[in-house]
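Please look at the sequence and the structure below, and keep both in view while you read. The paragraphs after them take the parts one at a time.

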Amino acid sequence: MAQRNTWQRERVREALADARGFVSAQNLHASLRDDNTGIGLATVYRALAGLAASGDADSLQSPEGEALYRACTTQGHHHHLICRNCGLTVEIEAKDVEQWAHRTAALHGFTDAAHVVDIFGLCAPCTNKRDAERAATA
């Protein structure tokens with residue numbers, strides 16, 4: 001069933017597009033609350049789920065297990081590099097991962113294999129900042 005395109009869903013879409021990197025529903029709701037939109041948390045969750053299902057948003061699970069969302073800039077299957085510190089996200093192709101996933105599935109008798117691969121690390125600016133802070137305290 002398709003979601004109705006309400007003003008609330010459109011406002012969630014706009015807030016998601018304005019967010020830097022991936023954001024939780026709670027954090028997105030907080031920014032909408034700060035803007036006095038009157039949009040409830042349940043509405044934010046429903047809108048994000050609908051945007052993810054339609055391909056208008058990427059969804060992933062953080063290393064802590066929290067669902068995170070981001071406005072999708074690439075259609076179709078892709079992977080992400082995500083900075084654990086600032087949230088910077090880079091969409092990447094991973095042909096080796098694709099081949100490995102299909103080969104591994106086939107090896108075990110699986111067909112129609114699907115997978116999600118997101119790589120969390122520190123981007124170059126966050127790494128440089130961390131290293132400078134460590135050097136300053138050494």
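What follows is a walk through the confidence of the model, its two sheets, a helix and a pocket.

The model is a predicted one, and it is sensible to begin with how confident the predictor is. The chain averages a pLDDT of 88, and 96% of the residues score at least 70. Confidence is lowest in strand E5, residues 89-92, where the mean is 85, while it is highest in helix H5, residues 124-137, at 95.

Before turning to the sheets, it helps to recall that the strands of a sheet pair through backbone hydrogen bonds, either parallel or antiparallel. One open sheet in this chain has 3 strands in the order E1-E3-E2, and their pairing is antiparallel. Strand E1 (23-24) and strand E2 (57-61) stand at the edges of this sheet with a single partner strand each, so one side of each has no neighbour there. Between E2 and strand E3, which covers residues 67-71, there are 5 bridges in the antiparallel sense. Two of the residue pairs can be traced by eye: Leu60 has Leu68 in E3 as its bridge partner, and Ala57 has Ala71 in E3. E2 and E3 form a hairpin with 5 residues between the strands, and in this hairpin Gly65 takes a positive phi near 95°. Helix H1, made of residues 7-18, lies across E1, E2 and E3, and it runs at about 90° to E3.

The other sheet to follow is also open, with 3 strands in the order E5-E4-E6, but here the pairing is mixed. E5 and strand E6 (118-121) stand at the edges, and because each has a single partner strand, one side of each is left without a neighbour in the sheet. Neighbouring strands of this sheet are turned against each other by 20° on average, direction ignored. Strand E4, residues 79-83, runs parallel to E6 and is joined to E6 by 4 bridges; along this pairing, Cys83 stands opposite Gly121 in E6.

Where, finally, is space left open? Rolling a probe the size of a water molecule over the atoms shows where empty space is left. The largest pocket holds about 300 Å³ of space, and of the 16 residues that line this pocket, Asp58, Ser59, Gly76, His77 and His78 are the closest to its centre. Strand E2, already met in the hairpin with E3, gives the most to the lining of the largest pocket, with 3 residues. By kind, the residues of this lining divide into 5 nonpolar, 9 polar and 2 charged.

Definitions and conventions:
Residues numbered from 1 in each chain as written. Predicted model: local features only at pLDDT ≥ 70, side-chain atom pairs only at ≥ 80, totals over all residues. Heavy atoms only, no water. Pairing = 2+ DSSP bridges. Contact = heavy atoms within 4.5 Å. Axes fitted to C-alpha atoms, helices over the stretch in contact; angles between N-to-C directions. 1 Å grid on protein atoms, 1.4 Å probe; cavity = no way out; pocket = protein on both sides within 12 Å on 5 of 7 lines; lining within 4 Å. Points joined across faces, edges and corners; volume = space filled by probe spheres on them. Nonpolar A, V, L, I, M, F, W, Y, C, P; charged D, E, K, R; others polar. pLDDT = per-residue confidence, 0-100.
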